[in-house]
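Colleague: Before I use this model, I would like to go through the terms attached to it and hear what each of them rests on. Could we take them one at a time, with the value set against the criterion?

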Amino acid sequence: MKPLAENAVIGIIGGGQLGRMSALAAAALGYRAHIFAPKGDAPATDIANAATRADYTDTEALKTFAQAVDSIICEFENVPVEAMDFLAQHRPVCPGSAALQCAQHRLNEKDKARALGIPTPRYVAVNDATSLAEALAEFGGGILKTCRLGYDGKGQLRLDAGSDAATAFASLQSDDLILEEFINFTAEVSFLVARAHDGTLATWAPSLNQHRGGILHSTEAPAPEAIITPKLKKIGSEAAGALAENLDLRGVLAVEMFVASDGQLLFNEIAPRPHNSFHWTIEGAETSQFSQLIRIAAGLPLGSTEAIGHWRMTNILGEDLARLNEALSETGTYIHRYGKAEARTGRKMAHLNQRLKN
Ligand SMILES: Nc1ncnc2c1ncn2[C@@H]1O[C@H](COP(=O)(O)OP(=O)(O)OP(=O)(O)O)[C@@H](O)[C@H]1O
Ligand SMILES: [Mg+2]
């Protein structure tokens with residue numbers, strides 16, 4: 001792909017914080033951002049050159065948008081695949097429809113990982129209370145998840161072997177479910193790989209993640225070697241690269257993994273977009289995940305993914321906003337607010353990147 005000239009327009013599908021940070025990265029490289037997002041709070045639009053506020057199914061709006069931009073990225077993985085396929089007829093798109101389609105369904109993701117020889121927890125499709133009862137007996141309990149549209153632990157239930165299958169099945173209000181074996185993990189980690197249009201790959205150092213109540217709370221990066229040994233780092237990075245290649249991904253792909261008690265890395269899920277657990281790369285890597293995605297969309301060479309020091313990224317939810325006042329007077333703490341209109345409990349409002357002393 002020929003590099004885009006200065007002032008070219010990067011179209012961003014989705015208007016949340018990932019789009020906002022992508023638009024900031026685009027500006028640093030001399031590009032304009034045009035956001036496409038449905039109506040509602042869309043903090044990315046505050047700092048973009050243009051915004052189209054329409055549904056992802058509005059073909060007319062998509063067409064006008066495609067004509068107004070030079071290259072398209074996606075900050076949201078649940079955009080209808082048809083919309084991305086339509087846009088791809090007009091402009092280069094990231095991440096591509098194979099990656100989106102895979103990431104939109106938990107069974108697809110895990111089947112894909114297995115097909116590539118990447119170990120996963122045991123899992124089974126659940127479509128009714130009977131199949132759930134059988135699966136619970138087989139796995140001795142587990143985590144029941146909706147296959148589509150879950151985030152921040154929403155659409156999930158932890159069940160034990162004796163849980164009532166009919167009640168559990170009814171409560172998720174979907175017949176497209178997966179039961180996963182419960183993994184007593186020693187750590188949660190994520191890997192991030194970038195893949196350019198010509199197939200070049202680059203991986204960042206892995207992140208060590210702490211969740212609270214199903215929501216990512218904080219990330220330490222690069223993940224300490226005592227937890228992610230060089231061998232595990234190699235296995236995880238190669239798995240991320242294999243997924244990116246197999247899905248013909250353009251852009252960035254995050255892979256969430258568990259470290260099981262026997263030391264094995266187990267695949268959890270993918271996200272074919274910038275990922276919360278790599279927000280540390282804004283100050284903590286030679287090239288941030290956002291900057292890399294814009295480079296790829298613009299046909300520029302990949303930047304170095306080398307880490308610069310050690311970092312802790314902490315999410316600031318609606319209930320944590322007071323923490324930002326303290327952070328203002330801390331040297332080595334970088335504040336990234338998302339400009340959301342309303343602070344709600346559990347809603348991601350900002351994050352802090354703190355440089356750790358080592
Ligand atoms: N099979 C499992 N065994 C043990 N814990 C699990 C399992 N699946 C999920 N969890 C826990 O629940 C968290 C959220 O699960 P998962 O990543 O599948 O859902 P999500 O809603 O897509 O989350 P997010 O969008 O925040 O990544 C995981 O990070 C992990 O802490
Ligand atoms: Mg997850």
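Colleague: How many bridges join β6 to strand β8, and do the two run parallel or antiparallel?

Modeller: Bearing in mind that this is a predicted model, four bridges join β6 to strand β8 (residues 177-180), and the two run antiparallel. Pairing requires at least two bridges, so with four bridges β6 and β8 count as paired. One of the partnerships can be named: K145 has I178 in β8 as its bridge partner.

Colleague: What makes β6 and strand β7 a pair?

Modeller: Five bridges join strand β6 (residues 141-146) to strand β7 (residues 156-160), and the criterion asks for at least two, so this pair qualifies as well. The strands run antiparallel, and I143 stands opposite R158 in β7.

Colleague: What is unusual about the phi of L149, and where is L149 found?

Modeller: L149 is found in the loop between β6 and β7, and has a positive phi of about 70° although it is not a glycine. Most residues other than glycine have a negative phi. As for its surroundings, L149 has 13 other C-beta atoms within 10 Å, so it is called partly exposed, given that exposed would require 12 or fewer and buried 20 or more.

Colleague: Which other residue has a positive phi without being a glycine, and why is that residue called partly exposed?

Modeller: That is D248, with phi near 50°, in the loop between α8 and β13. D248 has 13 other C-beta atoms within 10 Å and is therefore partly exposed.

Colleague: Why is G11 called buried?

Modeller: G11, which lies in strand β1 (residues 9-13), has 27 C-beta neighbours inside 10 Å and therefore counts as buried, the threshold being 20 or more. Leaving out residues up to four places away in sequence, G11 touches H34, F36, F65, V69, S71 and I72.

Colleague: And why does T203 count as partly exposed?

Modeller: T203, in strand β10 (residues 201-203), has 19 C-beta neighbours inside 10 Å and so counts as partly exposed, since buried begins at 20. With residues up to four places away in sequence set aside, its contacts are F191, L192, V193, S237, A240, G241 and T305. Of these, V193 is 10 residues from T203 along the chain, and the C-alpha atoms of the two are separated by 4.3 Å.

Colleague: How do you know that the largest nonpolar core lies between two domains?

Modeller: The protein is divided into domain 1 (9-103), domain 2 (122-180) and domain 3 (187-356). The largest nonpolar core has 78 residues, and those with the most contacts inside it are I10, I12, L253, V255 and I294. Strand β13 (residues 251-259) gives the most to this core, with seven residues. Domain 1 and domain 3 both give residues to this core, and it therefore lies between them. To take one member, V255 is in contact with S190, F191, A239, A240, L243, F267 and I270, apart from its neighbours within four places in sequence. A second, separate core has 14 residues, including A135, C147, A165 and L179.

Colleague: What places ligand 1 between domains, and which residues come nearest?

Modeller: Domain 2 and domain 3 both give residues to the shell around ligand 1, so it lies between them. There are 17 residues around ligand 1, of which G150, Y151, E180, I183 and H211 come nearest. By class, the shell divides into six nonpolar, five polar and six charged residues.

Colleague: What makes you call the bond between C94 and P95 cis, and where else is a peptide bond cis?

Modeller: For the cis bond that joins C94 and P95, omega is about 10°, and P95 has its place in the loop between α3 (81-88) and α4 (97-103). The peptide bond from A221 to P222 is also cis, with omega near -10°, and P222 sits in the loop between β12 (215-221) and α8 (230-246).

Note on methods
Residues numbered from 1 in each chain as written. Chains lettered and ligands numbered in written order. Predicted model: local features only at pLDDT ≥ 70, side-chain atom pairs only at ≥ 80, totals over all residues. Core = buried A, V, L, I, M, F, W, Y, C linked by C-beta atoms within 7 Å. Domains from an automatic or database assignment. Contact = placed C-beta atoms within 7 Å. Near = placed C-beta within 6 Å. Nonpolar A, V, L, I, M, F, W, Y, C, P; charged D, E, K, R; others polar.
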